[in-house]
Structures are given as structure tokens and as C-alpha cells.
Amino acid sequence: MKMKKKKRSNLCPCQSSLTYAKCCKQFHSGKAEADSPEALMRSRYSAYVKGEIDYLINTTDMNGPLWRNDRDEWFEELSLFSRETHFQGLEILDVSSHYVRFEATLEIDGNDASFIETSRFTEEGEKWFYHSAEFE
Ligand SMILES: [Zn+2]
């Protein structure tokens with residue numbers, strides 16, 4: 001029996017059930033800005049899946065604890081994590097004005113690396129930034 005090779009899904013990795021082009025890609029490409037903590041959180045998850053490392057760096061709050069001055073080293077680490085990780089799902093658990101609690105389902109080297117995080121976001125001007133994270 002001949003099996004047709006399935007096309008890679010063009011749905012957005014953030015599981016919005018929109019296509020990537022109509023969802024997080026517009027943020028990654030700079031065509032639009034994520035206009036809420038949830039939109040930014042989702043687009044950052046998608047950025048990990050798609051290897052949009054510059055986007056991850058550029059949406060981190062420079063005044064927060066996660067900002068790193070050695071951009072090259074930071075880029076390398078994010079890039080490695082993005083390549084090594086099998087991203088299996090995202091579930092938004094709770095959203096408030098500056099926080100998003102979510103569960104990310106991940107696998108690294110065949111091991112479950114899933115976690116629940118509450119991300120804090122800050123707003124500067126019209127733009128949202130990822131500030132810090134707490135894990136459960
Ligand atoms: Zn998306």
C-alpha cells in the first residue's frame with residue numbers, strides 16, 4: 001500500500017487553531033506586535049518551536065532578571081534549547097493583567113521536560129515584554 005507523505009501542519013504551534021501565517025508569524029516577522037500578555041506568551045512559545053531566537057531575545061524585558069548582556073552566548077543557548085526540544089503542546093491555564101500561567105509539554109532526549117510556569121509581563125509604551133518566570 002502506498003502511503004502519501006503527510007504535509008507538515010501549517011497550524012500555529014501555539015495551538016490557537018489558526019494557521020501560523022495568521023497567528024504568531026505576524027509577530028515573529030515584525031508585521032504586528034503582540035498586544036497582550038497572552039498573545040506575547042503564545043508567540044514566544046511558537047518562537048521556540050520555530051527557532052525565532054531573535055524574537056525571544058527582543059521580547060525579553062531589558063530591566064528584568066532574565067536579560068543577558070552577552071547576546072551571542074544567550075542566542076546560542078536559546079538556539080540549542082529550541083533545536084533539542086520536542087515541543088508537544090501548550091495550555092494556557094490562567095490569564096490576568098500582567099501574568100499568564102501555562103503548561104508547556106516538552107520532551108528533551110526522550111525525557112519529559114514539561115513544566116507549569118507563571119510568566120510575568122511588563123508593558124512599555126505600547127509594547128509587552130517578558131519579565132520573569134515562576135515555576136511550580
Ligand atoms: Zn500562534
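Are cysteine 14 and cysteine 23 buried or exposed? In this predicted model, both cysteine 14 and cysteine 23 turn out to be buried. Each of these two residues also has a job at the metal site, since Cys14 and Cys23 are listed among the protein donors of the zinc ion.

The zinc site is a good place to start. Its protein donors are the SG atoms of Cys12, Cys14, Cys23 and Cys24, and they sit 2.2 to 2.4 Å from the ion. Written along the sequence, the donor residues follow the spacing C-x1-C-x8-C-C. As for geometry, the 4 donor atoms make angles of 104 to 113°, and the site counts as tetrahedral because all of the angles lie between 85 and 135 degrees.

Glutamine 15 comes next. Its phi is near 65°, a positive value in a residue that is not a glycine. Glutamine 15 belongs to the segment ahead of helix 1, which covers 25–28. With a relative accessible area of 44%, glutamine 15 is partly exposed, because that label goes to values between the 20% limit for buried and the 50% limit for exposed.

A second non-glycine residue with positive phi is aspartate 109, at about 50°. Aspartate 109 is found in the loop that links strand 2 (99–108) to strand 3 (111–112). Here the relative accessible area is 66%, so aspartate 109 is classed as exposed.

Now for the chain as a whole. The count is 4 helices and 5 strands. Read from the N terminus, the order of elements is α-α-α-α-β-β-β-β-β; put another way, the helices come before the strands.

What radius of gyration does the chain have, and what would a compact globule give? The chain has 15 Å, and a compact globule of 136 residues would come out near 14 Å, so the two agree. Along the principal axes, the C-alpha trace spans about 60 × 30 × 30 Å.

Some overall figures round out the picture. Of the 136 residues in the chain, 36% are buried. Among contacts with a separation of 6 or more, 38% are between residues 24 or more positions apart. On the outside, the chain exposes about 8900 Å², and 48% of that area is supplied by carbon and sulfur atoms.

Methods. Residues numbered from 1 in each chain as written. Predicted model: local features only at pLDDT ≥ 70, side-chain atom pairs only at ≥ 80, totals over all residues. Heavy atoms only, no water. Helix = DSSP H or I, 4+ residues; strand = E, 2+ residues; numbered from the N terminus. Buried < 20%, exposed > 50% of the residue type's maximum accessible area, 1.4 Å probe, protein only. Donors = N, O, S within 2.8 Å, 3.2 Å for Na, K, Ca; no water. Tetrahedral: all angles 85-135°; square planar, octahedral: opposite > 155°, others 65-115°. Rg over C-alpha atoms; globule rule 2.2 N^0.38 Å. Contact = heavy atoms within 4.5 Å. Areas by Shrake-Rupley, 256 points an atom, 1.4 Å probe, with all protein chains shown as cover.
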